[in-house]
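Trainee: I should like to request a close look at a single part of this model. Please take the packing around one helix and connect it to the rest of the chain.

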Amino acid sequence: MVNVNNMKLSILRPDTDETLIAGCLKGDNKSQKALYERYAPKMHTVCLRYIKDCGEAEGTMLNGFMKVFDKIAQFKSEGSFEGWIRRIMVNESLSYIRKHKAMYLEVDIDKAANEPDFNSLDNHLEADDLLAMIQRLPIGYQTVFNLYAIEGYSHKEIAAQLGISENTSKSQLSRARALLKSYLNKSEQIIRNKIGTT
């Protein structure tokens, strides 16, 4: 017969960012693995927004996590830990682009007449569809669009990061929006045609 009074109950608590950070600061492999598993899916998506090749994006993400583990002592618990990791991933993606000289940035300003209406598809457009559209953009447009519209960088910050002028950044964003608008219009037309034939 089991003596219930002598049994010790342990409640498993999910690791918080704070406990994972503390473990990583000590070089604990389990904490590093848990942190990686928690954030890898989101960070892979961040890298994929800048790097079209899935394997290259994954390699860039892994390099980013190596920097996260190397520099984790620099995180001062000011702001979001996820945001801190995300900034490392963005910087690593930009380093990849600069290293491979895969970016073509035009210098003239070409104003887009209209901004894309991301609400026009009445929720028919999934996040994956939008990501796919962003990935279809030329690399220069894609990079500036991601930095401005998704990461919240200013044109001045983008210009400094990429070594371009603010006007070039504005031009790239304008062209990216125009292309996305055309992609959205085509997608909306396809959806309307499908609805019309059912």
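Mentor: What follows is an account of helix 6 and its partners, set within the chain as a whole.

The model is a predicted one. Its protein chain contains 8 helices and 0 strands, and read along the sequence the pattern is α-α-α-α-α-α-α-α. Of the 198 residues, 39% count as buried. Among contacts in the chain with a separation of 6 or more, 71% are accounted for by residues 24 or more positions apart.

Helix 6 may be taken first with helix 4. The axes of the two helices come within 12 Å and cross at roughly 165°. Because angles over 145 degrees count as roughly antiparallel, helix 4 is roughly antiparallel to helix 6. Helix 4 passes helix 6 in a left-handed crossing. On the side of helix 4 the contact is made by R86, V90, L94 and I97, and on the side of helix 6 by I139, T143, L147 and I150. By class, the residues of this contact divide into 6 nonpolar, 1 polar and 1 charged.

The contact of helix 6 with helix 7 can be described in the same terms. Helix 6 and helix 7 pack at an angle of about 135°, with their axes 10 Å apart. That angle makes helix 6 oblique to helix 7. The crossing in which helix 6 passes helix 7 is right-handed. Here T143, V144, L147 and Y148 in helix 6 meet H155, I158 and L162 in helix 7. The residues of this contact divide into 5 nonpolar, 2 polar and no charged. Two residues of helix 6, T143 and L147, are listed in the contact with helix 4 and also in the contact with helix 7.

On the helix 7 side, H155 merits separate attention. H155 is placed in helix 7, and it counts as buried because its relative accessibility is 13%, where the cut-off is under 20%. Neighbours within four places in sequence aside, H155 is in contact with Y148, E166, S169, K170 and L173. Its C-alpha atom is 9.0 Å from that of T168, a residue 13 positions apart from H155 in sequence.

On the helix 4 side, R86 leads to helix 3. The C-alpha atoms of R86 and M61 are separated by 10.0 Å, although the two residues are 25 apart along the chain. M61 lies in helix 3 and, at 3% relative accessibility, counts as buried. Residues up to four places away in sequence not counted, M61 touches Y36, A40, M43, H44, C47 and M89. M89 in turn is in contact with M43, V46, C47, M61, G64, F65 and V68, its neighbours within four places in sequence left aside. M43 and C47 are thus touched by M61 and are in contact with M89.

These details belong to a wider setting. In soluble globular proteins, nonpolar side chains tend to be buried together. In this model the largest nonpolar core has 45 residues, and those with the most contacts inside it are L35, F65 and M89. Helix 4 (81-100), helix 6 (139-150) and helix 7 (155-162) are among the helices that each supply at least two residues of this core, as are helix 3 (54-71) and helix 8 (166-197).

Conventions
Residues numbered from 1 in each chain as written. Predicted model: local features only at pLDDT ≥ 70, side-chain atom pairs only at ≥ 80, totals over all residues. Heavy atoms only, no water. Core = buried A, V, L, I, M, F, W, Y, C linked by side-chain atoms within 4.5 Å. Buried < 20%, exposed > 50% of the residue type's maximum accessible area, 1.4 Å probe, protein only. Helix = DSSP H or I, 4+ residues; strand = E, 2+ residues; numbered from the N terminus. Contact = heavy atoms within 4.5 Å. Axes fitted to C-alpha atoms, helices over the stretch in contact; angles between N-to-C directions. Parallel < 35°, antiparallel > 145°, perpendicular 65-115°, else oblique. Left-handed = near helix turned anticlockwise from the far one by under 90°. Nonpolar A, V, L, I, M, F, W, Y, C, P; charged D, E, K, R; others polar.
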